Amino acid sequence: MLQIKGISKQYRTGELVQQALNDVSLNLRDNEFVSILGPSGSGKTTLLNVIGGLDRYDAGDLVINGISTKEYKDRDWDAYRNHTIGFVFQSYNLIPHQTILANVELALTIGGISRNDRRERARKALEEVGLGDQLHKKPNQMSGGQMQRVAIARALVNDPEVLLADEPTGALDSETSIQVMELLKKVAGNRLVVMVTHNSELARQYSTRIVKLRDGRVTDDSDPFLPEETPEGAGHKRMGKAKMSFLTSLSLSFNNLWTKKGRTILTAFAGSIGIIGIALILALAEGVNGYISDIQKSTMTSYPITISSQSVDMSGIMGARGGRWENEVSAEGNRTRVYADYSAIESSEEMASNIKENNLTAFKEYLDNPESEIHQYLGENGVVYSYGAHFGIYSYDADGNLVASDADIDQVSVSTLSSEDSAAGGGPAANMERMNQVMSGSSDL
């Protein structure tokens, strides 16, 4: 027994609300032929879809044999449609590239039935609808009435409790429509058949019960049914689940690909071009990035970053000097006087004040720490330490001159340096004086 209790259904499009079903209640027997009549937009197809689990109701309840569907999830509705409901559509919905036997078998394939069993059951269902001698025909080789019979056989092969037919004679001629109606009447002898139709004449001739709808409400019921004992508080119960083995699904996939060989080949060719193109672009990008990385590493190796213990801010020295002595002379406006030139001393002081000491000890600890962030930027050679300590080691050459013999200093004659210092004005003091004059810019005065 199928019970429809106060079901309502709305369709919303933006702010527009269309009331398809409005508090519809029906009790349907286990074996009867019910025809639902009504004008277009009255809610006939919506009611059929709600009974079949294709649409979800907004309010009310659908009870099947005392089992409520209020708490049904998607997998429960799938099992309900697979085990309890059979569908017959106006447009047949047959797969054109498969035989009618394969079309009927498909319903059993989804149910997880073995191959031999589903083939035997499909053959028997087609014999019941009068197509037992046309098993290997394809849909495009059959008439409309024959295709509708195939659709009925497909709906019955799972032995459902409820058969739903949506305008099964809408695309058929009068003679073929009668044949289909006779078949549905025969089917209704041991199960519930619910049909939506506009043909009231056929409905009155073959149906055992006619329900009329208008504006989403039941306006007439030719044979209402009131069960003696209405189940109270119908509970939720799972009805199993639809299943298909991996090998079966793989076989169906390959069969579908093989029937469309041209499309499959073109799709595979286009997909391979796309995949190869993407692979080439990625490979080119990876190669360019590797080349740039190698260039950067080799460049950094050739020109390493050097950090000394002391640094001199030359820009600060030059900016601070500013020619103070020349400005003083210009301010007096009299160049006949004698002025004291302190520029050399000031330059020395400026140089001393702009020498900065770098804390290489702390920096070395930072470099040696394996958890420092800088390690991710170091190349293959890492950090190289060098110390600018030169030892004053002197010896006499073959001519008897005193020369520096340590490896880091060129062979320069000490006596020659001393003589040049004497000619320029005498010794290291003169060299310091000349350096101060160059730094102060007053060597020409």
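This passage describes the overall make-up of a predicted model, followed by one helix pair, one arginine and two loop residues.

The chain holds 445 residues, of which 31% are buried, and its secondary structure comes to 15 helices and 14 strands. When contacts between residues at least 6 apart in sequence are considered, 67% of them join residues at least 24 apart.

Two packed helices are described by the angle between their axes and the distance between the axes. For helix H5, which spans residues 144–156, and helix H6, which spans residues 174–187, the angle is about 15° and the axes are 10 Å apart. Because angles under 35 degrees count as roughly parallel, H5 is described as roughly parallel to H6. The crossing of H5 and H6 is right-handed. On the side of H5, the contact is made by Gly-145, Gln-148, Arg-149, Ile-152 and Leu-156, while H6 contributes Thr-176, Gln-179, Val-180, Leu-183, Leu-184 and Val-187. By character, the residues of this contact between H5 and H6 comprise six that are nonpolar, four that are polar and one that is charged.

Arg-209 belongs to strand E9, which covers residues 209–214. With a relative accessible area of 1%, Arg-209 falls under the 20% limit and is therefore counted as buried. The side chain of Arg-209 has polar contacts with two backbone oxygens: a polar atom of this side chain lies 2.8 Å from the backbone oxygen of Asn-27, and the side chain also reaches the backbone oxygen of Asp-223, at 3.0 Å.

Two loop residues were examined for their backbone geometry. Asn-93, which is not a glycine, nevertheless has a positive phi of about 60°, and its place is in the loop between strand E6 (85–88) and helix H3 (100–110). The relative accessibility of Asn-93 is 42%, so that this residue counts as partly exposed. Asp-159, likewise a residue other than glycine, has a positive phi, with a value near 55°. Asp-159 is found in the loop that runs between H5 and strand E7 (162–166), and H5 is also the helix that packs with H6. At a relative accessible area of 51%, Asp-159 lies over the 50% limit and is therefore exposed.

Conventions
Residues are numbered from 1 along each chain as its sequence is written. This is a predicted model: local features need pLDDT of at least 70, side-chain atom pairs count only at pLDDT 80 or more; totals for chains, interfaces and linings use all residues. Side-chain values use heavy atoms; hydrogens and water are left out. Helices (H or I, at least four residues) and strands (E, at least two) are DSSP runs, numbered from the N terminus. Buried means under 20% relative accessible area, exposed over 50%, partly exposed in between (1.4 Å probe, protein chains only). A polar contact is a pair of N or O atoms within 3.5 Å; within protein, one must be able to donate a hydrogen and the other to accept it, and residues adjacent in sequence count only if both atoms are side-chain atoms. Axes are lines fitted to C-alpha atoms, for helices over the stretch in contact, and angles run from 0 to 180 degrees between N-to-C directions. Angles under 35 degrees count as roughly parallel, over 145 as roughly antiparallel, 65 to 115 as roughly perpendicular and the rest as oblique. A crossing is left-handed if the near helix is turned anticlockwise from the far one by less than a right angle, and right-handed if clockwise. Contact means heavy atoms within 4.5 Å. Ala, Val, Leu, Ile, Met, Phe, Trp, Tyr, Cys and Pro count as nonpolar, Asp, Glu, Lys and Arg as charged, and the others, Gly among them, as polar.
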